[in-house]
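User: I would like a close look at one part of this model, followed outwards into its surroundings. Please keep the account connected.

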Amino acid sequence: YAAQGRGKVPAALLDWAQDPIIKSRIRWDREVLRIVRRKTGVIEVGGGDYSLRRPNRKALPRGLMIAGTVDQKVMPALVLDTSGSMGSEQLDMARTQMAGIMEKLGCEQVLFMEADCEITAKPQLISTKHLRKLPIVGRGGTDFTAPLEYLDNMRNPPDIVIYLTDGDGHCNHRPKNFEVIWCIVPSYYNRPPVKWGHVVLIRKDGERETSYPNFPGR
């Protein structure tokens, strides 16, 4: 295409070719569903519940007020480790998993924040199309305490937090209001930072991902 005419590649095609976000191979819907179901016993990905705010339409003509079904939506929070140990390869891999999480869960928006040894970007709602445009700030040391404390103390905390990191850091706060999935991207460190939570080890191309759902007992 570039060799034809004036030889200039359209911007849209160039963006597609340079886009580092590829398709995630992890079944995030299954991972999150299993963890959230075990934690709450009620909320499920794609599941349903009953509410009088949306009464059953078939019962209304008979004068009956019966609760109708409503979909339960899981609100995940994604925390991106932007410390100096996260190189460009690790950051690209993390954004790939972020896109995969949103796609598998059917989330148009998720709560997103960045952190190194402190919170470098406060939580904000983002969509998939904004992933490439996210500025990377921080690049200092690594401490997982501050972002988890912030999310845990929110008025409406997320249902689950997925922390995308190389694992090179420490944490002095174990959240009470949500479960944490440590999504470990390939690096020289390549291991979980704590002995609690759930772990998904991301492998490089050609290798299989490894999930440790019962990590606290390992």
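Is Thr165 buried or exposed, going by its relative accessibility? Please start from that residue and work through its strand, the neighbouring strands and the loops around them.

Analyst: The model is a predicted one. Thr165 has a relative accessibility of 0% and therefore counts as buried. The residue belongs to strand 6.

The strand as a whole gives the setting. Six of the six residues of strand 6 are buried, so the strand is largely enclosed by the rest of the structure. This holds for both faces: one side carries Ile160, Ile162 and Leu164, the other Val161, Tyr163 and Thr165, and all of these are buried.

Strand 6 has partners in strand 3 and strand 7. Strand 3, residues 76-81, runs parallel to strand 6 and is joined to it by five bridges. In that pairing, Leu80 stands opposite Leu164. Strand 7 is also parallel to strand 6, with six bridges between them. Here Thr165 itself takes part, standing opposite Ile184 of strand 7.

The contacts of Thr165 can be read against this pairing. With residues up to four places away in sequence left out, Thr165 touches Asp81, Met86, Phe144, Trp182, Cys183, Ile184 and Val185. Ile184 in this list is the residue opposite Thr165 in strand 7. There is also a polar approach close by in sequence: a polar atom of the Thr165 side chain lies 2.9 Å from the backbone nitrogen of Gly167.

Two of the residues that Thr165 touches, Phe144 and Trp182, lead to the aromatic groups. Phe144, Tyr163, Trp182 and Trp196 make up one aromatic cluster. The structure has four aromatic pairs in total. In one of them, Phe144 and Tyr163 meet edge-to-face, with 4.9 Å from centre to centre and 85 degrees between the planes. Tyr163 is in strand 6 (residues 160-165), while Phe144 is in the loop between strand 5 (119-126) and helix 4 (145-152), so the pair ties together parts 19 residues apart in sequence. Both Phe144 and Tyr163 are buried.

The loop that holds Phe144 has other residues worth noting. Ser127 is placed in this loop between strand 5 and helix 4. With a relative accessible area of 11%, Ser127 is buried. Outside its neighbours within four places in sequence, Ser127 is in contact with Met102, Glu108 and Gln109. Pro135 lies in the loop between strand 5 and helix 4 as well. In contrast to Ser127, which is buried, Pro135 is exposed, at a relative accessible area of 55%. The C-alpha atom of Pro135 is 9.6 Å from that of Glu114, a residue 21 places away along the chain.

Strand 5, which precedes this loop, pairs with strand 4. Strand 4 covers residues 110-115, and five bridges join it to strand 5 in an antiparallel arrangement. The two strands form a hairpin, with three residues between them. Ala115 has Ile119 of strand 5 as its bridge partner.

On the side of strand 7, the loop to strand 8 follows. Asn190 is found in the loop between strand 7 (179-184) and strand 8 (198-201). Its phi is near 55 degrees, a positive value in a residue other than glycine. Asn190 counts as partly exposed, with 24% relative accessibility. Two further residues to note are Arg191 and Tyr189: the charged end of Arg191 sits over the ring of Tyr189, 4.1 Å from the ring centre.

Apart from these groups, the structure holds one salt bridge. This is formed by the side chains of Arg95 and Asp92, at 3.1 Å from N to O. Both residues lie in helix 3 (residues 88-105), three residues apart, about one turn of the helix. Arg95 is buried at 12% relative accessible area, whereas Asp92 is partly exposed at 28%.

For the protein as a whole, there are four helices and nine strands. Their order along the sequence is α-α-β-β-β-α-β-β-α-β-β-β-β. Of its 218 residues, 42% count as buried; Thr165 is one of the buried residues. Among contacts with a separation of 6 or more, 55% are between residues 24 or more positions apart.

Key. Residues numbered from 1 in each chain as written. Predicted model: local features only at pLDDT ≥ 70, side-chain atom pairs only at ≥ 80, totals over all residues. Heavy atoms only, no water. Salt bridge = Lys/Arg side-chain N within 4 Å of Asp/Glu carboxyl O. Buried < 20%, exposed > 50% of the residue type's maximum accessible area, 1.4 Å probe, protein only. Phe/Tyr/Trp six-rings, centres within 6.5 Å; stacked < 30°, edge-to-face > 60°. Lys NZ or Arg CZ within 6 Å of the ring centre and 35° of its normal. Polar contact = N/O pair within 3.5 Å; in protein donor to acceptor, adjacent residues only side chain to side chain. Contact = heavy atoms within 4.5 Å. Pairing = 2+ DSSP bridges.
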